[in-house]
Amino acid sequence: MKTEQRQVGLARALSKLGYCSRSRAAEFIRAGRVRLNGALRWDPETPVHLPKDRIAVDGIVIEASRKLYLMMNKPRGLVTTASDEKGRETIYSLLRSEDALPWLAPVGRLDKASEGLLLLTNDSEWAARVTAPETHLEKTYHIQIASVADEAVIEAMERGIATETEILRARQCRVIRSGKKNSWLEIVLDEGRNRQNPANARHSRYRGPQASKGRGRTATVGEVGEGKLPHSDN
């Protein structure tokens with residue numbers, strides 16, 4: 001017996017097709033620019049069966065974009081969002097010259113002060129697998145802390161920090177170098193919790209997974225110049 005595909009909201013469907021972000025799609029729908037199977041729809045949560053249903057924006061039927069997987073070597077100073085209410089420059093400023101690209105969403109995020117590997121894709125199912133805690137994909141960060149690290153610091157990070165509901169710990173931690181007042185550490189995380197992100201560090205550089213795979217190819221952030229955008233599709 002064939003299983004019927006799960007429904008998604010109309011705005012999410014446009015995002016999954018690689019047309020635009022979900023928030024931008026909701027704006028188009030509320031503006032009366034989107035039809036579903038020929039009928040005008042105003043509710044971004046209108047249920048859609050992909051790929052059976054037909055969606056049109058401004059009279060043009062939207063076809064699924066090819067799956068694309070992009071590595072960005074994010075520089076500091078950019079925020080990981082499509083639009084920022086404070087008017088800060090976003091990672092999408094690096095995509096302005098890439099007119100042929102479909103809509104791409106970040107896989108996880110790096111904060112404004114962080115630099116390093118950021119993955120973007122229009123393959124939402126793949127992104128969900130990569131970021132799921134149960135995947136245990138190792139993520140390597142280089143972080144600077146405002147103290148000189150010793151064995152006690154390393155042991156504490158690997159032993160874990162207790163919160164009200166769980167223990168958050170680094171899978172691995174080592175000192176890269178130390179000065180008189182600070183240290184650079186390399187920490188490896190293998191869970192997808194936002195609170196594991198080393199946000200309390202003075203600076204952080206995300207070196208990425210040990211290997212980031214796209215279309216059978218293995219690549220590392222060391223191959224990507226800062227602000228550069230090598231990509232793979234299927």
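## A small sheet to start with

In strand β3, L40 is the bridge partner of R35. That pair belongs to the link between β2 (residues 34–36) and β3, two strands that run antiparallel and are joined by 2 bridges. The model you are looking at is a predicted one, so every value here is computed from predicted atoms.

Let's widen the view. β2 and β3 are part of an open sheet of 4 strands, ordered β3-β2-β5-β6 and paired antiparallel. At its edges stand β3 (39–40) and β6 (60–61); each has a single partner strand, so one side of each has no neighbour in the sheet. If sheets are new to you, it helps to know that their strands pair through backbone hydrogen bonds, either parallel or antiparallel.

## Turns and loops around that sheet

Which residue in the loop between β2 and β3 is worth a look? N37 lies there, and its phi is near 55°, a positive value in a residue other than glycine. With a relative accessibility of 43%, N37 counts as partly exposed. The loop between β5 and β6 holds D58, whose phi is also positive, near 55°, again in a residue other than glycine. D58 is partly exposed, at 47% relative accessibility.

Now go to the loop between β4 (47–49) and β5 (55–57), where you will find P51. The peptide bond leading from L50 to P51 is cis, and its omega is near 5°.

## The whole chain

Stepping back, the chain contains 4 helices and 18 strands. Of its 234 residues, 43% are buried. The chain exposes about 13800 Å², and carbon and sulfur atoms supply 47% of that area.

How do parts of the sequence meet in space? Taking contacts between residues at least 6 apart in sequence, 61% join residues at least 24 apart.

## Two nonpolar cores

In soluble globular proteins, nonpolar side chains tend to be buried together. The largest nonpolar core here has 23 residues, and L70, M72, I91, L95, L120, L185 and I187 have the most contacts inside it. Four strands each supply at least two residues of this core: β7 (68–74), β9 (114–121), β10 (139–145) and β14 (183–189). A second core, separate from this one, has 18 residues, including V8, L10, L17 and V48.

Pick one residue from each core and look at its surroundings. From the largest core, I91 is in contact with M72, K74, L78, V79, T80, T81, P106, L118 and L120, leaving aside neighbours within four places in sequence. From the second core, take L10, which lies in helix α1 (residues 10–16). L10 counts as buried because its relative accessibility is 0%, and buried means under 20%. Not counting residues up to four places away in sequence, L10 touches I29, V34, R41, D43, P44, E45, T46, V48 and I55. L10 and A25 are 15 residues apart in sequence, and their C-alpha atoms are 8.1 Å apart in space.

## Strand β14 and its partners

How many of the residues in β14 are buried? The count is 7 of 7, so this strand is mostly covered. S183, L185, I187 and L189 point one way from β14, while W184, E186 and V188 point the other way, and all are buried.

β14 pairs with β10 in the antiparallel sense over 7 bridges; within that pairing, V188 of β14 is the bridge partner of T140. β14 is also joined to β13 (residues 172–178), again antiparallel, by 6 bridges. β13 and β14 form a hairpin, with 4 residues between them. Here C173 has I187 of β14 as its bridge partner.

## Cysteines and a helix end

A disulfide is a covalent bond between the sulfur atoms of two cysteines. How many disulfides are counted in this model? The count comes to 0. Two cysteines you can find are C20, which is buried with a relative accessible area of 6%, and C173, which is buried at 8% relative accessibility.

Finally, visit helix α4 (residues 151–159). At its start, a side-chain oxygen of D150 reaches to within 3.1 Å of the backbone nitrogen of A152. Just after α4 comes G160, which takes a positive phi of about 110°.

Notes. Residues numbered from 1 in each chain as written. Predicted model: local features only at pLDDT ≥ 70, side-chain atom pairs only at ≥ 80, totals over all residues. Heavy atoms only, no water. Buried < 20%, exposed > 50% of the residue type's maximum accessible area, 1.4 Å probe, protein only. Contact = heavy atoms within 4.5 Å. Areas by Shrake-Rupley, 256 points an atom, 1.4 Å probe, with all protein chains shown as cover. Polar contact = N/O pair within 3.5 Å; in protein donor to acceptor, adjacent residues only side chain to side chain. Disulfide = S-S within 2.5 Å. Pairing = 2+ DSSP bridges. Core = buried A, V, L, I, M, F, W, Y, C linked by side-chain atoms within 4.5 Å.
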